[in-house]
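Visitor: I'd like to go through this structure and ask why each label was given. Can you show it to me?

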Amino acid sequence: MNRPVIAPSILAADFANLQSEIEMLNKSEADWIHVDVMDGVFVPNISFGLPVVAAIHRHAAKPLDVHLMIQQPERYLEEFKKAGAASISIHYEACDHLHRNIQHIKDLGCKAGVAINPHTHVSYLEDVIEELDFVCLMSVNPGYGGQKFIKNTYKKIEQLKELITDAGTSTLIEIDGGVSTANAKKLIKAGADVLVAGSFVFSSPSPPDTISELKHVI
Ligand code: DX5
Ligand code: ZN
């Protein structure tokens with residue numbers, strides 16, 4: 001079993017001290033930096049936009065994993081690439097032309113991911129799975145950090161794993177929401193490859209140690 005990719009979510013960081021939070025992540029065992037962009041339309045909350053992503057990128061030594069919780073994300077893909085995104089995930093529920101948008105992300109030279117809400121069945125990804133570098137399974141309803149993990153996610157990981165195996169692709173499974181050392185082992189055993197963790201990391205007494213615990217949980 002491979003060690004998971006750990007992607008701390010900057011949403012839970014101290015926004016007044018972003019530079020030092022990023023420098024902490026640079027020195028930690030974090031693999032990616034997860035960047036949650038919320039538009040107040042697709043999700044009820046507004047987080048931050050392009051200038052903040054660009055500012056994070058200026059200090060980050062790790063790839064930025066930009067999670068777009070925005071309606072019609074195709075309007076901004078190019079700009080998020082310019083702001084420094086290494087990977088971009090868009091929501092199945094926010095797109096009319098998902099396949100075209102995935103292609104666009106790949107043409108920009110980013111890794112392409114699709115995120116699905118807790119109520120969306122993984123089978124909706126069957127016809128695009130071959131195009132995807134990763135799938136982001138939302139294990140909370142998107143919009144806020146610090147929510148309770150939804151247990152139905154374990155079943156969805158297994159279903160997604162089967163879809164990926166049948167397609168013969170190397171698509172990664174990313175889990176986003178309510179991740180901690182209490183569920184990380186079970187998630188990895190079920191087939192998760194990437195763990196996003198926000199509040200569990202940033203509200204712990206030592207975020208670098210917490211990142212390390214997640215990295216070495218198995
Ligand atoms: C939720 C975001 C998550 C969030 C995770 O809408 O997509 O990435 O930051 O936060 P925690 O780990 O606190 O649930
Ligand atoms: Zn996210």
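Guide: What follows is a set of questions about labels, each answered by setting a value against its cut-off. Keep in mind that this is a predicted model.

Visitor: Let's start with the metal. What makes His34, Asp36, His67 and Asp176 donors of the zinc ion (ligand 2)?

Guide: Distance does. A donor has to be an N, O or S atom within 2.8 Å of a metal such as this one. His34 offers NE2, His67 offers ND1, and Asp36 and Asp176 each come in through OD, at 2.0 to 2.3 Å from the zinc ion (ligand 2). So they pass the cut-off of 2.8 Å.

Visitor: And why is the site of the zinc ion (ligand 2) called octahedral?

Guide: For six donors, the label needs opposite ones over 155 degrees apart and all others between 65 and 115. There are six donor atoms here, and their angles run from 71 to 173°. The low end, 71°, clears 65 and the high end, 173°, is over 155, so those extremes fit the rule, and the site is classed as octahedral. For reference, ideal octahedral angles are 90 or 180 degrees.

Visitor: How are the donors of the zinc ion (ligand 2) spaced along the chain?

Guide: The pattern reads H-x1-D-x30-H-x108-D. Histidine 34 sits in strand 2 (residues 33-38) and aspartate 176 in strand 7 (residues 172-176), so to speak a long-range link, with their positions 142 residues apart.

Visitor: Are histidine 34 and aspartate 176 buried or exposed, and how do you know?

Guide: Buried means under 20% relative accessible area. Histidine 34 has 0%, so it is buried, and aspartate 176, at 7%, is buried too.

Visitor: What about the surroundings of aspartate 176, namely strand 7: how many of its residues are buried?

Guide: Four of the five, which is why strand 7 is described as mostly covered. Strand 8 (residues 194-197) is covered on both faces: Val194 and Val196 are buried on one side, Leu195 and Ala197 on the other.

Visitor: What makes strand 7 and strand 8 a pair?

Guide: Two strands pair if there are at least two bridges between them. Strand 7 and strand 8 have three, in the parallel sense, so they qualify. Glutamate 174 is the bridge partner of valine 194, and aspartate 176, the zinc donor, stands opposite valine 196.

Visitor: Which other strands pair with these two?

Guide: Strand 1 (residues 5-8) runs parallel to strand 8 and is joined to it by four bridges, with alanine 7 opposite valine 196. Strand 6 pairs with strand 7 over five bridges, also parallel, and there valine 135 faces isoleucine 173.

Visitor: Which β-α-β units involve strand 7, and what is their handedness?

Guide: Strand 6, helix 5 and strand 7 make one that is right-handed. Strand 7, helix 6 (residues 184-190) and strand 8 make another right-handed unit.

Visitor: On to the rings. Why is the pair of phenylalanine 15 and phenylalanine 48 called edge-to-face?

Guide: Four aromatic pairs are counted in this model. In this one the centres are 5.7 Å apart and the planes 80° apart. Centres within 6.5 Å make a pair, and planes over 60 degrees apart make it edge-to-face, so the label holds.

Visitor: Are phenylalanine 15 and phenylalanine 48 buried, partly exposed or exposed?

Guide: Phenylalanine 15 has 43%, so it is partly exposed, while phenylalanine 48, at 10%, is buried.

Visitor: Why is the pair of tyrosine 92 and tyrosine 124 called tilted instead?

Guide: Their centres lie 5.4 Å apart with 40° between the planes. Stacked needs under 30 degrees and edge-to-face over 60, so 40° leaves tilted. Tyrosine 92 is in the loop between strand 4 (85-91) and helix 4 (98-107), and tyrosine 124 in the loop between strand 5 (111-116) and strand 6 (134-138), so the pair ties together parts 32 residues apart in sequence.

Visitor: Last one: why does proline 51 count as exposed?

Guide: Exposed means over 50%. Proline 51 has a relative accessible area of 63%, so it counts as exposed. Proline 51 is found in helix 2, and its C-alpha atom is 7.5 Å from that of alanine 83, 32 residues apart along the chain.

Conventions. Residues numbered from 1 in each chain as written. Chains lettered and ligands numbered in written order. Predicted model: local features only at pLDDT ≥ 70, side-chain atom pairs only at ≥ 80, totals over all residues. Heavy atoms only, no water. Donors = N, O, S within 2.8 Å, 3.2 Å for Na, K, Ca; no water. Tetrahedral: all angles 85-135°; square planar, octahedral: opposite > 155°, others 65-115°. Buried < 20%, exposed > 50% of the residue type's maximum accessible area, 1.4 Å probe, protein only. Right-handed = clockwise from strand over helix to strand, strands pointing away. Phe/Tyr/Trp six-rings, centres within 6.5 Å; stacked < 30°, edge-to-face > 60°.
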